[in-house]
Amino acid sequence: MKSKREEYRHLVNKIVKCTRCPLHKSRKNPVPGEGSLDSEIMFVGEAPGRKEDERGRPFVGMAGKLLSDLLTKIGLSRDEVYITNIVKCRPPGNRDPRPEEIQACLPYLLEQIRIIKPRIIVTLGRHSGKTLFETARLKWAPLSRIHGKPYTGVVEDVNVTLYPTYHPAAALYNPSLREVLEQDFRRLAEILEEIRNKPKTRKTLFDYM
Ligand code: URA
């Protein structure tokens with residue numbers, strides 16, 4: 001049986017070689033994700049932008065700087081969380097990812113969730129929120145109504161709390177959303193604390209590896 005780290009390395013190799021959708025033709029670098037494989041918290045954005053495509057790392061542009069600031073404000077560093085996207089390759093011109101691209105890439109995210117087993121997944125923006133809510137068979141609603149609230153679900157046999165909030169890029173575009181995001185992150189810190197004080201409901205073999 002492979003260790004968590006071996007499974008993850010194998011998955012990254014698959015992402016790096018992926019040709020499942022046309023985005024592989026225009027990408028400079030795939031962006032699998034980064035951070036701690038032991039993290040209790042995973043952040044899922046939309047898709048890499050220009051800077052991320054150049055560097056092969058998620059959230060390293062302006063939206064990434066805001067995400068790092070939001071994390072710092074609640075006492076978390078990028079190293080101790082795991083950050084990824086719904087789609088691992090940059091859509092040309094930063095257009096929205098297409099439904100068929102999201103579907104082609106989704107198995108990689110599901111495998112990341114199965115390997116890392118986060119207790120809370122923060123979905124950044126509509127694409128990531130809607131996709132993960134549907135995967136967990138939860139009812140999606142406009143972000144303005146459901147952001148900043150925890151929803152319990154099961155993804156890849158993992159019991160998770162899904163926590164939808166706005167994409168940091170939305171707050172760059174519309175500064176009034178910044179305070180909303182900050183408020184959602186403050187609530188996130190409280191929920192994380194509550195989750196940390198609650199034992200996991202079901203241990204798997206992975207928990208002992
Ligand atoms: N926006 C995203 O959704 N993901 C990134 O990695 C960067 C910007």
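**The ligand site and the cysteines**

Eight names make up the ligand's surroundings: Gly45, Glu46, Ala47, Glu52, Pro58, Phe59, Asn85 and His167. The model is a predicted one. By class, this shell holds three nonpolar, three polar and two charged residues. Glu46 and Glu52 belong to the shell, and Glu counts as charged. Ala47, Pro58 and Phe59 also belong to the shell; Ala, Pro and Phe count as nonpolar.

Start with the backbone. A polar backbone atom of Glu46 sits 2.8 Å from a ligand oxygen. Phe59 also brings its backbone: an N or O atom there is 2.9 Å from an oxygen atom of the ligand. Asn85 uses its side chain instead. One of its polar side-chain atoms lies 2.8 Å from a ligand nitrogen. On its own, the ligand has 230 Å² of accessible area, and the protein covers 91% of that. The space the ligand takes is the largest pocket.

Now turn to the cysteines. How many disulfides does the structure hold? The count is zero. Cys89 is in no disulfide, and its nearest cysteine sulfur, in Cys105, is 6.4 Å away. A disulfide needs two cysteine sulfur atoms within 2.5 Å, so that distance does not qualify.

Why does Cys105 form no such bond? Its closest cysteine sulfur belongs to Cys18, 6.3 Å away, which is too far for a bond.

Are these two cysteines, Cys89 and Cys105, buried or exposed? The cut-off for buried is under 20% relative accessible area. Cys89 has 10% relative accessibility, so Cys89 counts as buried. Cys105 also has 10% relative accessibility, and therefore counts as buried.

Technical notes: Residues are numbered from 1 along each chain as its sequence is written. This is a predicted model: local features need pLDDT of at least 70, side-chain atom pairs count only at pLDDT 80 or more; totals for chains, interfaces and linings use all residues. Side-chain values use heavy atoms; hydrogens and water are left out. Buried means under 20% relative accessible area, exposed over 50%, partly exposed in between (1.4 Å probe, protein chains only). A residue is near a molecule or strand if one of its heavy atoms lies within 4 Å of it. A polar contact is a pair of N or O atoms within 3.5 Å; within protein, one must be able to donate a hydrogen and the other to accept it, and residues adjacent in sequence count only if both atoms are side-chain atoms. Accessible areas come from the Shrake-Rupley method with a 1.4 Å probe; for residues, only the protein chains shown count as cover. On a 1 Å grid over the protein atoms alone, a cavity is a set of points where a 1.4 Å probe fits but cannot get out, and a pocket is an open set with protein on both sides within 12 Å along at least five of seven lines; lining residues have an atom within 4 Å of a point. A molecule sits in a cavity or pocket if more than half of its atoms lie within 2 Å of its grid points.
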